[in-house]
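Biologist: Hey, can you walk me through this one? I'm new to reading structures, so keep it plain.

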Amino acid sequence: MRKKLKIGNLVRVNFIGSNYICEVIEVVDKTTYKARNIKTGVIIPNLRWKAHKDKKSVWFIEAFISDTPGAKSTRSIDTRKQTTKKSELDQAIKKQKDFIKGNIKK
């Protein structure tokens, strides 16, 4: 089943006889995709359907699994942004300007 894939689609990829579940992360052109292995996080470039694959290619898309992405990556992403107060930032900028001018205070 050849289908135009979108970012976030899950596919089964065949790599030298082994099957892996991957998530499409980039659409390079209308037949070429870039995918990330869900378990290991390894990125597989130049992925194509079996009918469109290059002769030398060792990986290809075997089957479409689903539109909805699976479980999120096991890597934790810190969503909090460490921000500084404006007054602290202003003081740091003033110290940098003084240093550039040559006014060094110890």
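Biologist: Which polar contact joins the side chains of Asn-14 and Glu-62, and at what distance?
Modeller: A polar contact of 3.1 Å links those two side chains, Asn-14 and Glu-62. Polar contact here means a pair of N or O atoms within 3.5 Å; within protein, one must be able to donate a hydrogen and the other to accept it, and residues adjacent in sequence count only if both atoms are side-chain atoms.

Biologist: Is this an experiment or a model, and what are the ground rules?
Modeller: This is a predicted model, where local features need pLDDT of at least 70 and side-chain atom pairs count only at pLDDT 80 or more, while totals for chains, interfaces and linings use all residues. Residues are numbered from 1 along each chain as its sequence is written, and side-chain values use heavy atoms, with hydrogens and water left out.

Biologist: What does the protein average in pLDDT?
Modeller: The average is 79, and 79% of the residues score at least 70. pLDDT is the predictor's confidence in each residue, from 0 to 100. Among the elements, β3 has the highest mean, 89, and β5 the lowest, 82.

Biologist: Back to Asn-14: is it buried or exposed?
Modeller: Asn-14 is buried, with a relative accessible area of 11%. Buried means under 20% relative accessible area, exposed over 50%, and partly exposed in between (1.4 Å probe, protein chains only). Asn-14 lies in strand β1; strands are DSSP runs of E, at least two residues long, numbered from the N terminus.

Biologist: And what does Asn-14 touch?
Modeller: Not counting residues up to four places away in sequence, Asn-14 touches Asn-19, Val-58, Trp-59, Phe-60 and Glu-62. Contact means heavy atoms within 4.5 Å.

Biologist: New topic. What order do the strands of the sheet have?
Modeller: The open sheet has 5 strands in the order β4-β3-β2-β1-β5, with antiparallel pairing. β4 and β5 stand at the edges with a single partner strand each, so one side of each has no neighbour in the sheet. From one strand to the next, the twist averages 40 degrees.

Biologist: How many bridges join β1 to β2?
Modeller: There are 6 bridges between β1 and β2, which run antiparallel. Two strands count as paired if DSSP finds at least two bridges between them. Val-13, for example, has Tyr-20 in β2 as its bridge partner.

Biologist: How many for β3 and β4?
Modeller: They pair over 3 bridges, also in the antiparallel sense. Tyr-33 stands opposite Leu-47 in β4. The β3 and β4 hairpin has 5 residues between the strands, and Gly-41 takes a positive phi near 85 degrees there.

Biologist: Which residue other than glycine has a positive phi?
Modeller: Asn-46 does, with phi near 50 degrees. Asn-46 is in strand β4 and is exposed, with a relative accessible area of 52%.

Biologist: What about Thr-32, buried or exposed?
Modeller: Thr-32 is buried, at a relative accessible area of 3%, and sits in the loop between β2 and β3. Its side chain makes a 3.1 Å polar contact with the side chain of Arg-48.

Biologist: Last one: how many residues make up the largest nonpolar core?
Modeller: It has 12 residues in all, including Val-11, Tyr-33, Trp-49 and Phe-64. A nonpolar core is a set of buried Ala, Val, Leu, Ile, Met, Phe, Trp, Tyr and Cys residues joined through side-chain atoms within 4.5 Å. The elements giving two or more residues to this core are β1, β2, β3, β4 and β5.

Definitions and conventions:
Helices (H or I, at least four residues) and strands (E, at least two) are DSSP runs, numbered from the N terminus. Axes are lines fitted to C-alpha atoms, for helices over the stretch in contact, and angles run from 0 to 180 degrees between N-to-C directions.
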